[in-house]
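Trainee: I would like to go through how the labels on this model are justified. Can we take them one at a time?

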Amino acid sequence: MATSHESHSQVSLTKFLTVFPKTLNPPKILELSNLDRQCPLHMYLIFFYNPSSLYTNSSLDLVFTKLKIGLEETLSIWSPAAGRLDRNPIDGKLNLRCDNRGAILVQAITNVKISELGDLSNYNEFFEKLVHKPVLNGNFSEFPLVVAQVTRFGCGGYAIGTGISHSLFDGPAAYEFLSAWAANSAIFKEHQYEVELLHRIITPMHERGRLLTGGSIVANRCSGSGAMTVAVAIDHLYKLIMQSAMGNEEVGRKEYVCRTFRVSRGMIERLKKNALGENGGDFACSSFDVIAAHLWKARTKALSVSKEKMVCLQFAVDARNKLMPPLPKGFSGNAFVLASVALTAKQLEEESYKTIIEMIRNAKSRVNNDYINAYQQGLEGPQASLPPLKELTVVSDWTRMPFHKIEFLHGVAAYASPLKPPILEVAYFLQSPTDSQSIDVQVPLLSHTLDAFSSYFLTSMQ
């Protein structure tokens, strides 16, 4: 028998339906790039909207229906989102069958109040109840690429939990898709606002074009001085996997906790001053560079990585304008590659911040047309799940994608929170909803390292 607390914290599903495009598009196969095929799983994001007098007296059915109509409109333009992944019978690679199968939309209610969830920037197990997670069962052809759940809280506030296959969109494309859906839904918005917002939304370009493998491999072999460019990030990953395989450490997933650290503008400036010294004024460095370097140092130290072990920092770089010619405006596929820097744990501890930041900059500068082609070529082989690698730190920068500003309801979200990433070595940099100059660093940590990491990470900023 459920306890009163369990009953209170339940989320009850009240409606489940498939949403089809308002205008059906002719069926076709959209060939995916190797960047699309890296991670076909869903990325989940939850938007929290505090109670408002505009909609606390409106029915959940009204909100749900408006979102359904908006999604129908959006799927007509973003047609791949209504399709399904499918394996090529010849080479086994995933492609996208644009066949109007639709997205999944779920309606739910709970007695829980948003205020009872505490700090929305910090992951809460209850968040898992606010998204619909379809079961894969190994068959991608039956796996919806877009799912969403609309939950009304006991206080009258709402959560909109979305799940989007990473094979469909990368971060910027997902941001544009969700912005288009919000604009098309027009819940509690003036008509003029809706028209202006839709006018700002970029028309998506779904064809993968330049990123399809055949052309990129040829381009890579024929460019430059004849020397083959190496995708350093993939090379480093292979070395980390080999290092892990030869080690004697216990393999397997342990208990992780997700914590968010809000880094204010003042904290960033103090970190720069403490890391670079009084004479660091002549060394201009971005907030991303110094926080990424600091995160790498703090996480590696908290994990007590053996001094002789190779440790690696990887971060996503947008390839849209790095390719020659650049990808078209509105490109909706995956266009990020990983840049990478590596040291031994001892070197990382002893090297100056200035040296590490220069390494990060150099890694960014190496991401050019040849690097992207080599990266794509490096993904040609069979894909496998990444084993646990505590020597790996990955940063995904979302600060230029302010998801909390997407207005599904009236006004911006109180918070837009990603769930735990599929790869637990990934930390997110998010724009703070309360201060655009602050950065929320959301990082998964082994539970026993939380206190040590918190101390190492925050000390230099206080």
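Trainee: What makes strand β5 (residues 94-98) count as mostly covered?

Mentor: Four of the five residues of β5 are buried. Buried means under 20% relative accessible area, exposed over 50%, and partly exposed in between, with a 1.4 Å probe and protein chains only. This is a predicted model, where local features need pLDDT of at least 70, side-chain atom pairs count only at pLDDT 80 or more, and totals for chains, interfaces and linings use all residues. Residues are numbered from 1 along each chain as its sequence is written, and side-chain values use heavy atoms, leaving out hydrogens and water.

Trainee: How do you know that β4 (residues 84-87) and β5 pair?

Mentor: Two strands pair if DSSP finds at least two bridges between them. Four bridges join β4 to β5, and the two run antiparallel. One of the bridge partners is Leu96 in β5, matched with Leu85.

Trainee: Which way does β2 (residues 28-30) run against β5?

Mentor: Antiparallel, with three bridges; Ile29 has Arg97 as its bridge partner in β5.

Trainee: Why is the span of helix α4 (residues 171-185) said to agree with what is expected?

Mentor: The expected span is 1.5 Å times one less than the number of residues. For the 15 residues of α4 that gives 21 Å, and the end C-alpha atoms are 21 Å apart, so the two agree. Helices here are DSSP runs (H or I, at least four residues), and strands are E runs of at least two, numbered from the N terminus.

Trainee: What caps the N-terminal end of α4?

Mentor: Asp170 does, with a side-chain oxygen 3.2 Å from the backbone nitrogen of Ala173.

Technical notes. Polar contact = N/O pair within 3.5 Å; in protein donor to acceptor, adjacent residues only side chain to side chain.
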